[in-house]
Amino acid sequence: MPERAAELGYDGPVIGPEQDFSSVSATLSDLVLERPTPRWWYVGAGISAAGLILFVIACVWTFVGGVGVWGVNIPVAWGFALANYVWWIGIASGGTFISSLFYLIGSDWRNGVNRTAETMTLFAAAAAGMMPILHLGRQGLFYWLFPYSTVMGVWPQFLSPLLWDFFALLCYILNSIVFWYIGLVPDCATLRDRATKRWQQIFYGILALGWRGSARDWHGYKATYLVMAGIMAPMVVSVHSIVGLDFAAGLIGGWHSTQWPPYFFIGALYSGWAVVLALMIPLRRFYSLERIVTERHLDVIAKLMLATGLMLAYCYLLEAMEPFYTGDPTKVTEYLGSVFGHYGATFWARNTLNIFVPQLLWLPLVRRNKIALELISIGIVAGMWIERYNFVVSALAQDYMPSKWGWFGGTFWDWAILIGSAGMAMFGFFAFIRLLPVVSMFEIREIIHKRRGSEASKGNRA
Amino acid sequence: MTGFYGLIGEFRTSGEAAAVARELHEAGFARWDVYGPAPLEDIERATPTRRGIVITAIMFAAAIVGACWGYFLQYWDAVIDFPINVGGRPLNGWPGFIPSAWEICALFTVYCGFFAFLATCRLPRLHQPIFAAPNFERATQDRFFVCVEAADARYDAVRLREIFARHDAVATSEVPA
Amino acid sequence: MTDDPDKSRRERRGPIFWRRIEELADSPDFLERARREFPSFAALAERSVDRRRFLQLTAASMALMGLAACGAEVVPRDRQPYVAQPPGIVPGRSRYFATATALQGYGTGVLVKHEMGRPLKIEGNPDHPASLGATSAIGQASILELYNPFRADTVTRDGAIAPWSAFTTAVIERRRALLASRGRGLALLTGTVTSPTLLAQIGELRREYPALTWYQWEAIDRGRTHAGAQLAYGRALDLVPDFAAADVILAVESDFLESAPGHLRFAREFASRRRAAEVKERMSRLYALESTPTLAGAKADHRLALAPPAIAAAMRRLAGSVGAGPSEWARAAGPHAQTLDAIAADLRRAKGRALVHVGASQEASVHALGAAINHALGAHGQTLAMIDPVAPPPQDGGSLSDLTDAMSRGQVDTLIILADNPVYGAAADLDFTRALRTVPLSIYLGEYADETAEAVHWHVPRTHEYEAWSDVRAFDGTISIQQPQMLPRGERHSAHELLALFSGQITPDGRAIVQEYWQARARDAAVGNFDAYWTDALRAGIVRDTAARRIDIQPRADLARTLESLDGAATRADGLTVLFRPDSYLWDGRFADNGWLQEMGRPLTRLTWDNAALLSPRTARRLGLETADVVEIRLDGRLARAPVWVLPGQADDCVTLPLGYGRRRTGPVGEGVGFNAFELRTRASPWHASGAILRKLDGRHEFAVIQHEGRTLGRDLVREGSLAGFLKNPRFLGYAPSRESLYPSHPYPGIAWAMSINLDACIGCHACVTACQAENNSPVVGRTEVSRNREMHWLRIDRYYEGPLESPELVFQPVPCMQCENAPCEVVCPVHATVHDSQGVNVMVYNRCVGTRFCSNNCPYKVRHFNFFDYSASDPRPRESWNPEVTVRARGVMEKCTYCVQRTRTAMIIADRENRGIRDGEVVTACQQACPTQAIVFGDQNDRHSAVSRRKASPLDYAMLGELNTRPRTTYEALIRNRNPALGDPAEGEHA
Amino acid sequence: MLGVSHQFRRTEGMAAIFSRRANLFVQIGLVLFVLGAVCFLLLIWGVPLMNYNDQVSFTPRQPVPFSHKHHVSGLGIDCRYCHDSVEYASNAGMPPTETCMTCHSQVWTNAAILEPVRRSLAERKPLRWRSVYTLPDYVFFDHSIHIAKGVGCTECHGPIGDMPLTYKATTLYMSWCLACHRNPAPHLRPLQAVFDPHWHRTAATPSGKELMALYHIHPQTLSDCSVCHR
């Protein structure tokens, strides 16, 4: 098969032409069912597990010591936790959006990456979901945000953007689980049917729920999935817009602006692309999936990432224009402070990583260099965190009252939470790639079928 | 009864299976189905069903109910049960109720859709009679199967075998009940 | 400073509060502290835990996190009624008792609020001439001092705990010997004494021991004021200025707003002529000449920052100009001539209504010049009165240096120290400590086991002022009886009791001593019914008609000649001039163990938990120094290490060293905070010393500052104008509150609580902030937490600089919660933890708070504070000292100013019980009550006749950040500066 | 592509993985899941409302088995005889030992049951009563205003006049407080009846509405947070 790789270029098909139903089923299932766990997996999962342990320790320390162990203060009452939150939820939203929107518009390359994107969504959303709870002063009472009132007779305050956020995140995580799982059911059936070990048969059998692949079932399946995708696409837009509203609905000079919802969403999409690329490039190499996740995939995503990056650049320009357009001294000071002041380094770091460096993607040479692509993607992921950090912190640090200006600096535990949450998400992802097919098999079969059909019709005409 | 679940034919391509399905439909068979590893258009066209519209309708209804409940929950809590002056805003601050209502709407839609899908497929059901068909595990990999249940009023093993064979069935066998 | 030699010793010595966690983990007694901060976690570390135990503890911590909402949840407690209920005690109702506090020997009347027999809060005594109902920051914090668990409470002999009886035995033995020798070798060292009883007791001792020598010493004394009067009038005098009568005031590094005896009254009088909207063209004008910024300088309409010799020169020029000195003085060349002439002209114009007030730090010659100018301006009898010194100077012994000499010569064999901590505060060139160690028997009566207690044989713990009977005179001579507010804990005794022991009383009783004195005095004065007289004195807090008689006295005839003969103090040209100044709150260090005072931002530097070498921006630039650099100060061969703080408004080439820090031994709060400037202070130059060399050392100092940015950056936070402009157009601010909104306004038909703060009146003294802390159970968070911007004061006083930093004008702006009607904080709270009540107050429900902190983010005024750690639980003050009317906040909840909701609600309940409305003035917030200048007014703005409505009707009324449409209930009256038209706007720069 | 097998083993169906019984288990599992979810909801809503949690009828053991029934209903002693600050202070006041002894120095002077009271007086040590009604520290309740506004003792303390031993009669939940603060009318009575443990509404009693007007009660201000939380 490698000798046929030459046929697959960056403008080639999204699936190796030699691939058929059997080869796809066999290739992808056997990664999970037959293939012994590779050494790189132990290395990666081990590092992630170390991160996970760090996360658990940091969480326990935060619970026991209180959020005071972080660097948060007055005026900067939100620090890493909120930056992490926005960042993670952005990555998650990007994944869902790629999966749902490109399903709706029928892009066939989407079928090669949607499983990765959705899985990454799940773990990123889980990491995101931890942050708002962790950052509470009294974490144990987070359930007061539920509309639950037995002995107190008090309800939550529904006008608070945080409550919108709570509902948005809760519903989004719950929906993402179903959206991810429903896509897995037919693949689990394949695994069940190919499994030779008893535990595998039972494990995947239960996950497959007894799926038979009946045409009528498929019909209902497609209808459900279509409507779900139709709900999920606007939902992720709303979720990240609400995250933007957490800030935009506030009164803080640097936050009070209508542009944050789209700004945040574009950033989310951007980090979504970057994470998908950053995960897919090593994954297809280590799992030898070059014939299924082709270079065409990478090229398309890289181009889309470049386009999103330009949109983000436009947002950054708007961000720069607004303070001067309004002439509000608070906004001007805050903006200048974030550019040249105490947090200037983060401002320039984010511009470099998110805007300047990705311009290299204009060059096909760079787009086709997987190492460069990987590095740029990782740079964007980091750059997006820095952007969120700069956004959250610098606006708070220099607000209306100069007398109460004050700086924030992350403590060890702040970093532990950030790095630990990444460890947690990555550990989840590593577990996923050993247990479940990394590419949606039945959706690849659909592409193969479609391609065969079109070839056949072409053939007929000829 | 016959003691069999039905008669099953195994096919290499979706086209063959779809052709069988069309013929079965035209012949007026009711209790039959096509099994395959992906939702493919030709089979879909050949297999009449109303499940899609049922599920979509259920999801639409769920969306409406979810949105209304989401709004009402907030309205009742904030206006009727616990009216309190928050920052000088009106009690029924409806623009602020919309985001949560929408999220609840989305939650309802997706979950009702999921459960409706499971219900229409009668899942989860780990044991299915059809699993007893020889080679059926390839239905989720690369082969297509058409099975007519013995309970069908027009069930006629001889005629069915003839139809399957005409469409190049790889194998035809009886599925035990 | 990086390497602190005392640090490890401190760590060993016992609990240190308010440290950061990283430090905790390093120290050997981690467990001890961990137990306090995280009980379950400590238990974990303590035992050798198995996994099961770990899980239990973790689960318990989690559970506690959820359940331990605010303080304890519902924990059934036992109730113990009295066996016999004392009359007057009603559970849940507070009572007030009058007493007085003393500083430098001068008394200020206070009322102590009691709850179920516990003293809880200090208020000013409206009947007392030095208080008029107000208190100072130190006065407010005295209640914390009372409850300080680290005050000494056992007698020690050579550092070892000894019973009181051993001490009395020792005294009785010594007394026998002393009686035989008629008191030879007996020396008494006191601070400034105004207590009539104590004076009488000393008199009695002298009769018994004719050879007794009485020395007097205060680390920070008012000797120069008296010496100045001596120069001017030929005798020591106390001056009683009347700032309400003065149209033009010249403050010469004056302490009349911050620490001069009677300063609370002076501030009230001063402010009564400064609230522009009320007094209009009668507004007084204040000039200030000073080397280091004072509150008076901050409030001045025109201010000159001058080094000490330049102040003397300026005073000579002024004296020459107003006819109080040779007229050639008025023509002498010198800087700022134009300004000084304009001041002189203004003073002359205001003849009879002008006043010069000279601060205690100034040379006697400057005081004499001030007296001459006052005389020439006709101030006597108009704006100034003279009385005999309230504290009579000692007749024989003399100063601390005399005592040191006597000790070194072996002439003292018994020394009784009643003065506060002379070992710490003695002049550096005195070697007092070594001389002290040669005394065969030394006895020290001190509140803390401090540096002096360490150097003496016997340390007897002194009672707090609220634990003992005594009496004290105010700045005008009025006497107050000090009555104890609770029984002293441990073996604490008062000075009266100690001296009585030497008079042969074996079980001295403070009450009896004071009462006997007053009985005798009442007999002499023939007051008739002593009990009524006594009760009235206790109840009113003053003994009536005891104010000193005013003396009509003329300056010495040869005053002019004397002044001429005075040349400026000899100064060395090289180096900087060091200015030793008492700290605003720690004073001479005696309050160093008071967490409230340590953590109160200094009005001008905004520093907490630290002192620093204060330099002017220009001098710092010249020396290549900046804030937080560490320098070595060399003065006459003595060295000190200090961090630098660049202070705009400081005179060039002057370095101010605040005293009172660097305490080696006191309670754990105050030990090792800052550097000890006493180590550079000598007998000859207690206030100013020239020739200091600063050398920059490596390293940076980490300050705990409450305010980082000192300028308004062109924002309309503080609105201001000139008096002339205001009189021309009272509505010059053009401020009109915005009423536009997408939503209809919420109606407030009943009471609408509101507050108005007058920026003209605010002098930045921080009495209100301390009062708020005392009233509202604000915890002390400690140095590290302050440096992380986590201080918990609900009310802060922002200090802004205007104009060039070399000669800035200062503004103080108190910022409590604005109680916005359209509160941005409320809208973002997801759990209804902060909402409005029907009086329009933005209430904070601690027990509902989950701690998202969004409210604080969304507060444009940043007046919300968060319990990042369990500050209240780690505060060492005992449980019984918290105000039971206010929730003690737990970890993880937000808190903020509530307009003293406990006071408003109590008043509303009382009014409601009687089915009547609230009367104006019935509710007074803690800050308002403490404020010496009545800058803060609180009340019902729906009542058109209330004081707050009248204030808000002022054309100067504006809402800070009103453009955000938050509709604050707290508004400000704009600052008005009464500029001398001849001088223009100093904000545009002073050019001499 | 190492280890990938294209070989398919022909099998005789997969019935071996799950037997027909598996479906039953799944159904049982589903039912249990739904039941579990319902139970969970019932639990989180119900447990706080259970008597286990609200401790109504909690009757702590007291040093002296004091009977309100005997003293109030039997002897007709007014509440205020012992709880003397109830009309003018937040705290109703617990009687000092001397109050007990005003009578018990004359009657039942040797009763064994009163030994702790006599000992308290003799040793000048207070009696330690167990608290029956305990509010959290962040709730500030004022007896006097309730008395002044016609809220009878029994509204909160239940049939205190008929209690041989004092027990907790109400939940003291915030929702319970709010129920009255939002709608006080049904809980009001004429002032002269406030201390009557057996009072009940009669035809002649003014209506709750009239009493509210009489007492100047405005319920819209009563549910302000700052009424109780400071």
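The legends below describe several close-up views of a predicted model. Local features are given where pLDDT is at least 70, side-chain atom pairs count only at pLDDT 80 or more, and totals for chains, interfaces and linings use all residues. Residues are numbered from 1 along each chain as its sequence is written, chains are lettered from A in the order in which they are written, and side-chain values use heavy atoms, with hydrogens and water left out.

**View 1. An open sheet of 7 strands in chain C.**
Helices (H or I, at least four residues) and strands (E, at least two) are DSSP runs, numbered from the N terminus. Two strands pair if DSSP finds at least two bridges between them. Strands of a sheet pair through backbone hydrogen bonds, either parallel or antiparallel. In chain C the strand order is 6-5-17-16-15-7-8, and the pairing is mixed. Strand 6 (160-161) and strand 8 of chain C are at the edges with a single partner strand each, so one side of each has no neighbour in the sheet.

**View 2. Strand 7 of chain C and its parallel partners, strand 8 and strand 15.**
Strand 7 (residues 186-190) of chain C is joined to strand 8 (residues 213-216) of chain C by 4 bridges, and the two run parallel. In this pair, L188(C) is opposite W214(C) of strand 8. Between strand 7 and strand 8 of chain C the path goes through helix 8 (residues 196-208), forming a right-handed β-α-β crossover. Right-handed means that, with the strands pointing away from the viewer, the path from the first strand over the helix to the second runs clockwise. Strand 7 of chain C also has 4 bridges to strand 15 (residues 414-417) of chain C, again in parallel. Here A187(C) faces L415(C) of strand 15. In a regular strand the side chains alternate between the two faces of the sheet.

**View 3. Helix 7 of chain C lying across four strands, 7, 15, 16 and 17.**
Helix 7 (residues 164-180) of chain C lies across strand 7, strand 15, strand 16 (441-446) and strand 17 (458-461) of chain C. Its direction is at about 120° to strand 17 of chain C. Axes are lines fitted to C-alpha atoms, for helices over the stretch in contact (heavy atoms within 4.5 Å), and angles run from 0 to 180 degrees between N-to-C directions.

**View 4. An open sheet of 3 strands in chain C.**
The order is 9-14-20 in chain C, with antiparallel pairing. Strand 9 (238-241) and strand 20 (550-551) of chain C are the edge strands, each with a single partner strand, so one side of each is left without a neighbour in the sheet. Strand 9 of chain C is linked to strand 14 (residues 384-387) of chain C by 4 bridges, and the two run antiparallel. V240(C) is opposite A385(C) in strand 14 of chain C.

**View 5. Two cis peptide bonds, one before P75(A) and one before P124(B).**
The bond from I74(A) to P75(A) is cis, with omega near 20°. P75(A) sits in the loop between helix 2 (39-65) and helix 3 (80-104) of chain A. The bond from L123(B) to P124(B) is cis, with omega near -5°. P124(B) belongs to the loop between helix 4 (94-121) and strand 3 (144-149) of chain B.

**View 6. Positive phi at Y899(C) and at S57(D).**
Y899(C) is not a glycine, yet its phi is positive, about 55°. This residue is in the loop between strand 36 (894-895) and helix 32 (901-913) of chain C. With 1% relative accessibility, Y899(C) counts as buried. Buried means under 20% relative accessible area, exposed over 50%, and partly exposed in between (1.4 Å probe, protein chains only). S57(D), also not a glycine, has a positive phi of about 75°. S57(D) is in the loop between helix 2 (51-54) and helix 3 (68-74) of chain D, and is partly exposed, with a relative accessible area of 43%.

**View 7. The surroundings of Y533(C) in helix 22 of chain C.**
Y533(C) lies in helix 22 (residues 530-540) of chain C. Apart from neighbours within four places in sequence, Y533(C) is in contact with W518(C), A522(C), V527(C) and V543(C). R268(C) is 265 residues from Y533(C) along the chain, and their C-alpha atoms are separated by 29 Å.
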